[in-house]
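Reader: I would like to go through the terms used for this model one by one. For each, please set the value against the definition.

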Amino acid sequence: MSWREALYCAFANSFQWKSRRLSPSELNDMHEYAVFLRSRFSLLRIEAQLDELGLVLENLMDTYEWDSRDADAFLEWLNPFNDYLGSQYNILEWAESLAEKLIKGEPVSEEELRDLLGTLNTLPRFPEGRLGLFAHLNDLQRFAVWAWLREFISRYSSKLDWIEQLETTTALLYWDHIATHINVELCKRTCDEYINSSSYTSISWSWDQMRCLAEAPHQAPYFFEWCCSDESPSVSLSRTAEMNPMQQNDLIAQLRALTPTQMNRWSELYGWVSSRGELPDCLCAPGGIRLHSSRLRQTLQDLGLSNSVRYLPVRMIDQSVRREIAVYHAAFFQNRLSCLSRKRTIGIWSHDFARVIDLHRPALVKSCIANAELFVVAEDDTLVVVSERIKDALEKIPIKGCTFKQLLVVDD
């Protein structure tokens with residue numbers, strides 16, 4: 001019996017979709033949803049964790065080599081010693097010291113392991129912690145997780161970075177201990193019976209077979225998320241020449257609520273920069289507010305976008321010496337389109353579907369975009385979208401401080 005069959009048997013709810021043939025777009029969405037869950041798993045309630053655990057485990061096993069996004073976050077979740085990170089019990093450091101020995105090929109005595117796991121069993125269990133979920137697993141589910149973890153380490157140990165190696169090895173200290181209290185033969189018989197009677201038509205199918213689908217480029221029209229470069233310096237805003245970061249949220253809310261008439265009455269803003277180096281053309285302030293250099297502002301005007309952006313002048317101040325170093329412009333994009341697909345966008349929506357609270361992969365509805373070339377997505381104020389023409393023009397100059405991510409565009 002394979003680790004995959006153990007997952008299908010132990011977490012049947014995770015694989016109900018396997019009973020029918022999915023289209024390429026549905027498979028792609030399912031894969032992106034699993035990637036999304038990797039980094040959010042600890043935030044889910046126990047019921048949702050139980051429903052989704054099998055899906056995430058299988059997907060990560062099959063796709064790690066070519067899509068390891070957020071794998072470290074999920075591997076960290078599998079390690080119950082992380083429940084006590086920074087707590088008074090200090091057991092995580094103890095567990096990691098033993099794991100480091102194992103990674104280096106040094107021996108770890110049975111007595112050391114017994115002491116560690118014995119201490120873990122005496123600690124309080126947090127209701128929403130890892131041990132809280134693991135206590136809800138039955139023996140078959142525990143067996144499936146253990147089998148998965150051993151296979152994952154065997155398959156990928158040489159390809160894991162240091163943090164991933166440490167998390168998986170530390171997790172194995174716990175799951176090897178759990179396996180000693182499981183009737184393995186009974187689990188195998190149960191799985192065999194389940195597989196033989198299963199209605200799943202693709203029981204041997206793996207996520208690796210959809211690599212070409214996940215890597216396939218999206219079809220035209222092409223639109224791109226306009227992002228600030230990761231290496232850009234941080235900026236704080238204020239209305240006066242005195243920096244007051246405590247009022248950032250209030251200021252951002254005021255700026256976003258400004259009407260064109262009100263904007264004309266504001267004289268200027270102050271931007272406090274943490275870097276003394278040359279500033280890029282595009283900077284991001286808190287709340288997703290964009291700051292453009294005069295060069296970038298002129299470029300957008302030359303591209304025929306004068307009516308698409310309103311600006312407020314921002315006096316940039318070197319925070320360390322409190323000296324003005326440049327004048328930038330806070331950009332307020334005038335086109336605001338409600339264009340996210342509720343069906344294809346992957347993230348966490350508000351109850352009324354008016355906003356995306358946690359956006360992983362946006363999907364734009366083609367008919368809602370029309371001929372727009374520069375706009376903000378109404379469901380997420382921080383998502384700025386440009387057409388391929390605008391992207392190519394900014395890259396050709398080149399405008400510094402910008403990156404562009406191609407977006408999925410769908411029919412509905």
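Author: The model is a predicted one. To begin with, six strands form an open sheet of mixed pairing, in the order 2-3-6-7-5-4.

Reader: What makes strand 2 and strand 4 the edge strands?

Author: Strand 2 (235–238) and strand 4 (282–284) each pair on one side only. From one strand to the next, the twist averages 35 degrees.

Reader: How do you know that strand 2 and strand 3 pair?

Author: Two strands count as paired if at least two bridges are found between them. Strand 2 and strand 3 (residues 269–273) have four bridges, in the antiparallel sense, so the pair meets the definition. Within this pair, Ser-236 has Trp-272 of strand 3 as its bridge partner.

Reader: Which helix packs on this sheet, and what does it touch?

Author: Helix 14 (residues 294–302) packs there, touching strand 4, strand 5 (290–292), strand 6 (309–318) and strand 7 (323–333). The direction of helix 14 makes about 90 degrees with that of strand 5.

Reader: What is notable about phi of Arg-322?

Author: Phi of Arg-322 is near 55 degrees, a positive value in a residue other than glycine. Most residues other than glycine have a negative phi. Arg-322 is placed in the loop between strand 6 and strand 7. Phe-353 also takes a positive phi, near 60 degrees, in the hairpin of strand 9 and strand 10, where six residues lie between the strands.

Reader: How do you know that strand 9 and strand 10 pair?

Author: Four bridges join strand 9 (residues 346–349) to strand 10 (residues 356–361), and the two run antiparallel. The definition asks for at least two bridges, so the strands count as paired. Trp-349 stands opposite Val-356 in strand 10.

Reader: In the sheet with the order 8-12-13-1-14, how many strands are there, and what is the pairing?

Author: Five strands form this open sheet, and the pairing is mixed. Strand 8 (336–337) and strand 14 have a single partner strand each, so one side of each lacks a neighbour in the sheet. Strand 1 (residues 223–228) runs antiparallel to strand 14, joined by five bridges. Cys-228 stands opposite Cys-402 in strand 14. Helix 16 packs on the sheet and touches strand 1, strand 13 (384–387) and strand 14, with its direction at about 90 degrees to that of strand 13.

Reader: Why is the peptide bond between Ile-397 and Pro-398 called cis?

Author: Omega of this bond is about -5 degrees. Most peptide bonds are trans. Pro-398 has its place in the loop between helix 16 (388–396) and strand 14 (402–406).

Reader: Why is the aromatic pair of Trp-17 and Trp-207 called tilted?

Author: The ring centres are 5.3 Å apart, with 45 degrees between the planes. Rings pair if their centres lie within 6.5 Å; planes under 30 degrees apart are stacked and those over 60 edge-to-face, so the rest, this pair included, are tilted. Trp-17 lies in the loop between helix 1 (3–10) and helix 2 (24–40), and Trp-207 in the loop between helix 10 (184–197) and helix 11 (211–215), so the pair ties together parts 190 residues apart in sequence.

Reader: Which helix gives the most to the lining of the second largest pocket?

Author: Helix 9 does, with seven residues. The lining has 18 residues, with Leu-102, Leu-113, Leu-172, Leu-173 and Asp-176 nearest the centre. By class, nine lining residues are nonpolar, six polar and three charged. The pocket volume is about 460 Å³.

Methods. Residues numbered from 1 in each chain as written. Predicted model: local features only at pLDDT ≥ 70, side-chain atom pairs only at ≥ 80, totals over all residues. Heavy atoms only, no water. 1 Å grid on protein atoms, 1.4 Å probe; cavity = no way out; pocket = protein on both sides within 12 Å on 5 of 7 lines; lining within 4 Å. Points joined across faces, edges and corners; volume = space filled by probe spheres on them. Nonpolar A, V, L, I, M, F, W, Y, C, P; charged D, E, K, R; others polar. Axes fitted to C-alpha atoms, helices over the stretch in contact; angles between N-to-C directions. Contact = heavy atoms within 4.5 Å. Phe/Tyr/Trp six-rings, centres within 6.5 Å; stacked < 30°, edge-to-face > 60°.
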